[in-house]
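Student: Could you take me through one small part of this model up close, contact by contact? I'd like to see how that part sits in its surroundings, and then what else is worth a look.

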Amino acid sequence: MAWVLKMDEVIESGLVHDFDASLSGIGQELGAGAYSMSDVLALPIFKQEDSSLPLDGETKHPPFQYVMCAATSPAVKLHDETLTYLNQGQSYEIRMLDNRKMGDMPEITGKLVKSIIRVVFHDRRLQYTEHQQLEGWKWNRPGDRLLDLDIPMSVGIIDTRTNPSQLNAVEFLWDPAKRTSAFIQVHCISTEFTPRKHGGEKGVPFRIQVDTFKQNENGEYTDHLHSASCQIKVFKPKGADRKQKTDREKMEKRTAHEKEKYQPSYDTTILTECSPWPDTPTAYVNSSPSTAPAFTSPQQGTCSVPDSNSSSPNHQGDGVSQPSSEQLQPSATIQETQQWLLKNRFSSYTRLFSNFSGADLLKLTKEDLVQICGAADGIRLYNSLKSRSVRPRLTIYVCQEQPSGSPLPGQQLAGGGGEGSGGTPYVYHAIYLEEMVASEVARKLALVFNIPFHQINQVYRQGPTGIHILVSDQMVQNFQDESCFLFFTVKAENGDGIHIVLK
């Protein structure tokens with residue numbers, strides 16, 4: 001009996017020792033140096049929050065998916081958008097796939113939807129002048145289109161339409177329940193829109209965008225369902241194959257460590273979700289398919305809507321930029337923040353920031369954004385959030401001298417505190433120069449003082465003994481910042497136009 005009790009004591013002692021040993025490691029991994037932003041984001045609470053971002057749970061997913069049968073480039077770094085090379089005029093299949101789950105969007109079951117495929121500029125610099133760019137292309141290539149549908153090869157598309165004023169867009173109806181493939185042909189090449197054409201220059205990237213709509217109560221296909229796009233470059237025939245081969249050979253020469261920084265090449269290109277096209281779609285009524293499409297562009301909210309000839313979502317009509325719409329304000333609501341992210345090409349992060357207001361997003365530091373979005377997108381998002389107006393390279397203060405009297409020399413160079421002979425103080429205007437050239441001085445003077453620019457022949461600076469010195473680019477570059485000038489105008493010798501003389 002005593003032996004049994006002793007065995008029980010031994011077993012109990014061993015269990016206590018094992019339990020103590022199992023607790024001995026708790027807290028050792030929670031030291032001061034164990035935390036990092038990536039570890040915090042990997043915690044289950046954050047994963048659960050990310051998975052629960054859609055209000056309706058797992059049902060929140062794209063209703064459609066578009067897959068272009070063309071390989072992506074292997075020379076694209078991680079976290080960057082994929083890039084696909086296409087040959088000019090070659091037919092490429094875009095598969096239109098129904099991605100709905102059971103019970104999703106029952107209103108389109110058994111009905112047709114409309115899709116519009118467009119080719120547009122990727123660079124914002126070209127988007128603002130896209131109308132002029134395409135007009136120039138149209139002038140050089142009369143009768144050609146930037147984008148066409150290869151109808152004989154396409155499957156499942158109905159009632160295809162093109163508008164003569166929109167050379168970069170095609171549209172058609174299709175049934176999501178049936179197999180549908182649209183074969184497109186891009187006829188413009190990337191180097192046609194480069195500023196210099198001496199050979200060997202890099203071509204500009206384009207985007208292929210697909211927008212899909214359903215019918216409204218009036219039978220018109222105007223209710224937006226889904227949009228997606230991808231980045232492409234277009235080469236002359238067989239040029240895309242050579243470029244793909246070159247990129248592949250370059251990647252093969254890299255070390256295994258360097259290859260880890262790049263994406264693999266995929267056989268197909270999946271179009272990623274993006275913001276819908278800002279223009280109202282065609283009044284495409286199913287009951288009258290023979291009726292010509294009526295393209296309209298009503299103004300909506302603060303979004304600048306392109307005209308019928310425009311082909312850029314950021315096209316501003318008269319080319320006047322609107323910086324207030326580009327900058328995210330702290331007072332922006334959650335919905336306005338989502339729209340800002342979409343407009344600035346951060347669509348892949350809209351779910352992650354679905355509960356962020358403008359103030360919440362602006363509070364994030366550069367390090368936070370890099371940890372959340374990766375190096376490339378994190379820095380780009382930080383720069384977009386903190387964007388400010390560009391500081392002028394030179395500021396000068398100018399006042400127009402009145403012909404009634406001549407100020408004293410001391411008053412000419414005063415910082416705005418001088419007075420004319422009649423006791424009227426001189427009022428100076430600030431002129432900000434973004435370019436250090438003489439033509440910029442003349443243009444800004446004409447703008448500020450309402451002088452017709454075409455009437456200004458020359459700009460002079462009055463030198464010693466009253467001589468007139470021609471203002472050249474080199475002289476402007478040697479102006480001191482915040483210099484003060486009086487100026488007067490004299491009639492040109494031939495009587496045609498005027499000269500401006502700075503004192």
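Tutor: Let's start with the side chain of S483, which reaches the backbone oxygen of Q480 at 2.5 Å. Please keep in mind that this is a predicted model. S483 belongs to strand β17. Is S483 buried or exposed? Its relative accessibility is 15%, so S483 counts as buried; the cut-off for that is under 20%. If you set aside the neighbours within four places in sequence, S483 touches T395, I396 and Y397.

Strand β17 itself covers residues 483–491, and it is one of the elements against which the buried residues of helix α14 pack. That makes α14 a good next stop. The helix runs from 438 to 448, with A438, E440, V441, A442, K444, L445 and A446 buried. Besides β17, their packing partners are β13 (394–400), β14 (429–433), β15 (456–462), α15 (473–477) and β18 (498–502). After α14 comes N450, which has a positive phi, near 55 degrees.

Now compare this with another helix, α12, at residues 375–385. Here the buried residues are D377, G378, L381, S384 and L385. They span an arc of only 130 degrees around the axis, and therefore lie on the same side of α12. The background is simple: an α-helix has 3.6 residues a turn, so residues three or four places apart point the same way. On the receiving end of this packing are three helices, α9 (334–343), α10 (358–362) and α11 (366–373).

Back to strands, where R161 deserves a moment. This arginine is found in β6, residues 157–163. With a relative accessible area of 10%, R161 is buried. Its side chain has a polar contact, at 3.2 Å, with the side chain of D159.

A lysine makes the link to a pocket. K233 sits in strand β10, and a polar atom of its side chain lies 3.3 Å from the backbone oxygen of G203. Although 30 residues separate K233 and G203 in sequence, their C-alpha atoms are 7.2 Å apart in space. Leaving out neighbours within four places in sequence, the contacts of K233 are L83, T84, Y85, L86, S190, G203, V204 and P205.

Both K233 and G203 also help to line the second largest pocket: of its 22 lining residues, those nearest the centre are K202, G203, K233, F235 and K243. The volume of this pocket is about 480 Å³. Which element gives the largest share of the lining? That is α6, with six residues. At least two lining residues come from each of β2 (83–87), β10 (221–235) and α6 (239–252). By type, the lining has nine charged, eight nonpolar and five polar residues.

Finally, step back to the whole protein chain. There are 15 helices and 18 strands in its secondary structure. Of its 503 residues, 39% are buried, S483 and R161 being two that we met along the way. Among contacts with a separation of 6 or more, 68% join residues that are 24 or more positions apart. The pair K233 and G203, 30 residues apart in sequence, gives you one local view of such a contact.

Terms used
Residues are numbered from 1 along each chain as its sequence is written. This is a predicted model: local features need pLDDT of at least 70, side-chain atom pairs count only at pLDDT 80 or more; totals for chains, interfaces and linings use all residues. Side-chain values use heavy atoms; hydrogens and water are left out. Buried means under 20% relative accessible area, exposed over 50%, partly exposed in between (1.4 Å probe, protein chains only). Helices (H or I, at least four residues) and strands (E, at least two) are DSSP runs, numbered from the N terminus. The arc is that of the directions from the helix axis to the C-beta atoms. Contact means heavy atoms within 4.5 Å. A polar contact is a pair of N or O atoms within 3.5 Å; within protein, one must be able to donate a hydrogen and the other to accept it, and residues adjacent in sequence count only if both atoms are side-chain atoms. On a 1 Å grid over the protein atoms alone, a cavity is a set of points where a 1.4 Å probe fits but cannot get out, and a pocket is an open set with protein on both sides within 12 Å along at least five of seven lines; lining residues have an atom within 4 Å of a point. Grid points are joined across faces, edges and corners, and a volume is the space filled by probe spheres set on the points. Ala, Val, Leu, Ile, Met, Phe, Trp, Tyr, Cys and Pro count as nonpolar, Asp, Glu, Lys and Arg as charged, and the others, Gly among them, as polar.
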